[in-house]
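This report looks at core packing, one helix pair and some aromatic rings. The sequence and structure come first.

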Amino acid sequence: EGNRIVYENPYLERRNAFLWYVYMEAIENEGKYLNDIIDTLWAILEETNWCIPAHNHHTRNNDIIPHEGDSALELFTGMTAAYVSAGYYIFKEKLDAISGEFGNRIKKKIHREVFDNFLEKDYWWLGFGERKPNNWNPWCVCNVVNSLINLEQYGEYEYRLLARAASVIDNYYSQYPQDGGCDEGAGYWSVGCGNLLEY
């Protein structure tokens, strides 16, 4: 129908619910929200991919149904990875005690949806081509690095991710204006310069 919110509202509601369950369990630490964390986490992990339809032009298949393995690193994919990895970081011991499949599935999904795409694909927002990067650059890179830190894996593969992240951020920073303005207006400051500073 061309209306983004039809898909995005329930997509974001699921992620926001997951975050709130994580917050509440972290505050109370009584196990009351653990089942809710598991339910929403598993539902997110079961999604075919994390790319929203409005950004589906980044994927190979132009179809209304998501295809397995046909993923793209875009704003919402990176955000989802950061949320999921943060929840796992906080409750790793509790989740692993229930099933080791949580960690396996989270790592496999984030590698496929985020890390592999970041290393292997040449998105315009990376800033390596003719087009100047916009706020997608620090927004996505910050989520890549946050997800990497949350998963606490530091091998050769992860150092390749960090090296690429540094190059990509350099592309953004090298053309950032002296006045600190954001290419899409002040409302995007937090995900433009804000994520640059967080990175």
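Which residues have the most contacts inside the largest nonpolar core? The model is predicted. In it, the largest nonpolar core has 49 residues. Those with the most contacts inside this core are L41, I106, I110, F115, F118, W125 and V141. The elements that give two or more residues to the core are α1 (5-28), α2 (34-46), α3 (75-98), α4 (101-120), α5 (136-151), α6 (156-173) and α7 (193-198).

Take I110 as a close-up. Neighbours within four places in sequence are left aside here. I110 is then in contact with W50, A81, V84, S85, F115, S147 and L151.

**Helices α4 and α5**

Two packed helices are described by the angle between their axes and by the distance between the axes. For α4 and α5 the angle is about 145°, and the axes are 11 Å apart. Their crossing is left-handed. On the α4 side, the contact is made by I106, K107, I110, V114, F115 and F118. On the α5 side, V141, V144, S147, L148 and L151 take part. What is the chemical make-up of this contact, by nonpolar, polar and charged residues? Nine residues are nonpolar, one is polar and one is charged. I110 and F115 of α4 and V141 of α5 belong to this contact, and I110, F115 and V141 are also among the residues with the most contacts inside the core.

**Aromatic pairs**

The structure holds eight aromatic pairs. Two of them are set out below.

| Pair | Ring centres | Ring planes | Geometry |
|---|---|---|---|
| Y7 and Y11 | 5.8 Å apart | 35° | tilted |
| W20 and Y23 | 5.3 Å apart | 90° | edge-to-face |

Why is the pair of Y7 and Y11 tilted? The planes of its rings are at 35°, and tilted covers pairs that are neither under 30 degrees nor over 60. The planes of W20 and Y23 are at 90°, so that pair is edge-to-face.

Sequence spacing comes next. Y7 and Y11 are four residues apart in helix α1, so about one helical turn separates them. W20 and Y23 both lie in helix α1 too, three residues apart, about one turn of the helix.

Is Y11 buried or exposed? Y11 counts as buried, at 4% relative accessibility. Its partner Y7 is partly exposed, with a relative accessible area of 36%. In the other pair, W20 counts as exposed at 53% relative accessibility, while Y23 counts as partly exposed at 40%. Finally, ring pairs link Y7, Y11 and F76 into a cluster.

Methods. Residues are numbered from 1 along each chain as its sequence is written. This is a predicted model: local features need pLDDT of at least 70, side-chain atom pairs count only at pLDDT 80 or more; totals for chains, interfaces and linings use all residues. Side-chain values use heavy atoms; hydrogens and water are left out. A nonpolar core is a set of buried Ala, Val, Leu, Ile, Met, Phe, Trp, Tyr and Cys residues joined through side-chain atoms within 4.5 Å. Buried means under 20% relative accessible area, exposed over 50%, partly exposed in between (1.4 Å probe, protein chains only). Contact means heavy atoms within 4.5 Å. Axes are lines fitted to C-alpha atoms, for helices over the stretch in contact, and angles run from 0 to 180 degrees between N-to-C directions. A crossing is left-handed if the near helix is turned anticlockwise from the far one by less than a right angle, and right-handed if clockwise. Ala, Val, Leu, Ile, Met, Phe, Trp, Tyr, Cys and Pro count as nonpolar, Asp, Glu, Lys and Arg as charged, and the others, Gly among them, as polar. Rings of Phe, Tyr and Trp (its six-membered ring) pair if their centres lie within 6.5 Å; planes under 30 degrees apart count as stacked, over 60 as edge-to-face and the rest as tilted.
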